[in-house]
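Student: I've got this model open and I'd like a close look at a single part of it. Could you walk me through that part in one go?

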Amino acid sequence: MTPFVSFRNVSAHLGQKAVLHSLSLDIYAGETLVLLGRSGSGKTTALKMVNGLVLPTSGDVLVDGKPTTAWDLIALRRRTGYVIQEAGLFPHFTIAANVGLVPRLEGWPPQNIQVRVHELLSQVGLPPEQFAARYPRQLSGGQRQRVGVARALAANPPLLLLDEPFGALDPVTRVELQRQFLDLRRGLGKKTAIFVTHDVREALLLGTRIGLLHDGRLRFLGGPSEFLEAKGEEVRAFLTCLDLKRGL
Amino acid sequence: MPGGLMHEILELSLEHLFLVLVAMAIAASLAIPAGILLTRRPFLRSWVLGFANVMQTVPSLALFGFLIPIPFLGGIGRHTAIVALVLYALLPILRNTLTGILGVDPAVRESAVAMGMTERQLLWEVELPLATRTILAGLRIAAVTTIGTATIAAAIGGGGLGVFIFRGLASIDTTLLLAGAIPAALIALAADRGLEWLENRLSPV
């Protein structure tokens, strides 16, 4: 099976600073790979390399078998859904216009866009008749984040990139959205997702596989159950967070 | 008040407005694109802003004087006045265009790029709309200053309400001074209010 996204000996610098050191990693169609790590571990940089927001200083990031440096980045990005913390919604667009953005850029006919937007808003639990015409500032954080997910799914991209999408939410809303993400993933079938988080509980809940990054290096790669049994120092450091919660 | 004076006030006010409008139109069409360019070319920023800053610090009467001996741009008359007014108006427009665009939430800009917007779409659909308020505020500051500074244009034969003021100064005639100063102040107030209204009207957020 050929991987859908493939990191081949990828190193990356942000300015002068080396953020990733010869990372090699394959992501297969249909899986949700969670990149777990502390702040500064390089996980967000790795994610941004998939849609060409950051380009490798050496090595290749292949998407669909083609290096990001050879892709038309506009085309690559339009078929890659992207969700970030605080959603990054356009404050001057209505919810409908935010969700329908990529379809519009792709030149869909307006009535198709409207149908798609309504469908997505219902899917993420925001009744369109109530929300379509509102502006992002009129929504709660959790609602904005749902809109962010809907926007990323709008043009039905095969690949989703999520950068701590639920990081800024209160714990209760976070759990709600994690559940919804799992439901969505079941409903979406063969969608590939790369999910960045520093929350080990979230990683275990959402990931079909977990990649643990530390100081720009991959320290662990495997399924959630293997992660729980793994012996590496950084894995243990993350697992302690779980023990602590149990202890309390 | 004699009818002749009223007539002259009207005439010079129109001349004053003309000076200001032409200068503002030129300044805006130079400074807004330059401001946009500077957001894309950080290394040019200090040079261009430095130039605009220096222009702003030259005392206005002196600037009009400096321009007189310069060929094409300078000389006596209206167009020299306009050149000087343009130089004055550049900085606030330039600076506010730059601040407005750079002030767009990085998360919003990043998601625009990540959604696959082209450079042009990013500018027209995201950056400029979100910077509208700040850019218009720059135009407002520039307009109000230009209306005031334009009174000095009369010193080099540029016409406008300054004609009254200089005549009033020369003949120590308060009526003439006021005939220049009051309409200039009223025009400035109206411009300030009008552009403020436009700011609230046009800004999408």
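Student: Which residues have the most contacts inside the largest nonpolar core, and how many residues does that core have? Please take it from there into the chain around them.

Tutor: Sure. Keep in mind that this is a predicted model. The largest nonpolar core has 126 residues, and those with the most contacts inside it are Ala27(B), Leu85(B), Ala89(B), Leu90(B) and Ile93(B). Helix α4 of chain B, residues 78-102, supplies the largest share of this core, with 15 residues. Take Ala89(B) as a way in: if you skip its neighbours within four places in sequence, Ala89(B) is in contact with Ala23(B), Met24(B), Ala27(B), Ala142(B) and Thr146(B).

Now zoom out to the chain itself. Chain B has eight helices and zero strands, so to speak a plain run of α-α-α-α-α-α-α-α from the N terminus on. Its C-alpha atoms fill a box of roughly 65 × 35 × 20 Å along the principal axes. Of the 205 residues in chain B, 40% are buried. If you look at contacts in chain B with a separation of 6 or more, 73% of them come from residues 24 or more positions apart.

Next, the helix pairs. Helix α1 of chain B (residues 3-40) packs against helix α8 of chain B (residues 174-202) at an angle of about 45 degrees, and their axes are 10 Å apart. That angle is why α1(B) counts as oblique to α8(B). The crossing of these two, α1(B) and α8(B), is right-handed. On the α1(B) side the contact is made by Leu5(B), Ile9(B), Ser13(B), His16(B) and Leu17(B), and on the α8(B) side by Ala179(B), Pro183(B), Ala184(B) and Ile187(B). Sort the residues of the contact of α1(B) with α8(B) by type and you get seven nonpolar, two polar and no charged.

α8(B) has another partner to look at: helix α7 of chain B, residues 162-170. The axes of α7(B) and α8(B) come within 7 Å and cross at roughly 160 degrees. Angles over 145 degrees count as roughly antiparallel, and therefore α7(B) and α8(B) are roughly antiparallel to each other. Here α7(B) passes α8(B) in a left-handed crossing. From α7(B), the contact takes in Gly162(B), Phe164(B), Ile165(B), Arg167(B), Gly168(B) and Leu169(B). From α8(B), the contact takes in Thr174(B), Leu176(B), Leu177(B), Ala179(B), Gly180(B) and Ala181(B). The residues of the contact of α7(B) with α8(B) divide into seven nonpolar, four polar and one charged. Ala179(B) is worth clicking on, since it turns up in the contact with α1(B) and in the contact with α7(B).

Then there's the side of chain B that touches chain A. The contact takes 15 residues from chain B and 15 residues from chain A. On the chain B side, the elements that give two or more residues are α5 (106-114) and α6 (119-149). α5(B) gives the most to that side, with six residues. By type, the side of chain B that touches chain A splits into 11 nonpolar, three polar and one charged.

Stay with α5(B) for a moment. Val108(B), Ser111(B), Ala112(B), Val113(B) and Ala114(B) are buried in α5(B). The cover over the buried residues of α5(B) includes α2 (73-78) and β6 (80-84) of chain A, together with α6 of chain B. After α5(B) comes Gly116(B), whose phi is positive, near 95 degrees.

Across in chain A, a few loop residues deserve a glance. Asn156(A) has phi near 55 degrees, a positive value in a residue other than glycine. You'll find Asn156(A) in the loop between α7 and β7 (159-163) of chain A. Asn156(A) counts as partly exposed because it has 13 C-beta neighbours inside 10 Å. Glu164(A) also has a positive phi for a residue other than glycine, near 40 degrees. Glu164(A) lies in the loop between β7 and α8 (171-188) of chain A, and it is partly exposed, with 19 other C-beta atoms within 10 Å. Ser140(A) lies in the loop between α6 (128-131) and α7 (141-153) of chain A. With 11 C-beta neighbours inside 10 Å, Ser140(A) counts as exposed.

How values were computed. Residues are numbered from 1 along each chain as its sequence is written. Chains are lettered from A and ligands numbered from 1 in the order in which they are written. This is a predicted model: local features need pLDDT of at least 70, side-chain atom pairs count only at pLDDT 80 or more; totals for chains, interfaces and linings use all residues. A nonpolar core is a set of buried Ala, Val, Leu, Ile, Met, Phe, Trp, Tyr and Cys residues joined through C-beta atoms within 7 Å. A residue is buried if 20 or more other C-beta atoms lie within 10 Å of its own, exposed if 12 or fewer, and partly exposed in between; C-beta atoms are placed from the backbone. Helices (H or I, at least four residues) and strands (E, at least two) are DSSP runs, numbered from the N terminus. Two residues are in contact if their C-beta atoms, placed from the backbone, lie within 7 Å. Axes are lines fitted to C-alpha atoms, for helices over the stretch in contact, and angles run from 0 to 180 degrees between N-to-C directions. Angles under 35 degrees count as roughly parallel, over 145 as roughly antiparallel, 65 to 115 as roughly perpendicular and the rest as oblique. A crossing is left-handed if the near helix is turned anticlockwise from the far one by less than a right angle, and right-handed if clockwise. Ala, Val, Leu, Ile, Met, Phe, Trp, Tyr, Cys and Pro count as nonpolar, Asp, Glu, Lys and Arg as charged, and the others, Gly among them, as polar.
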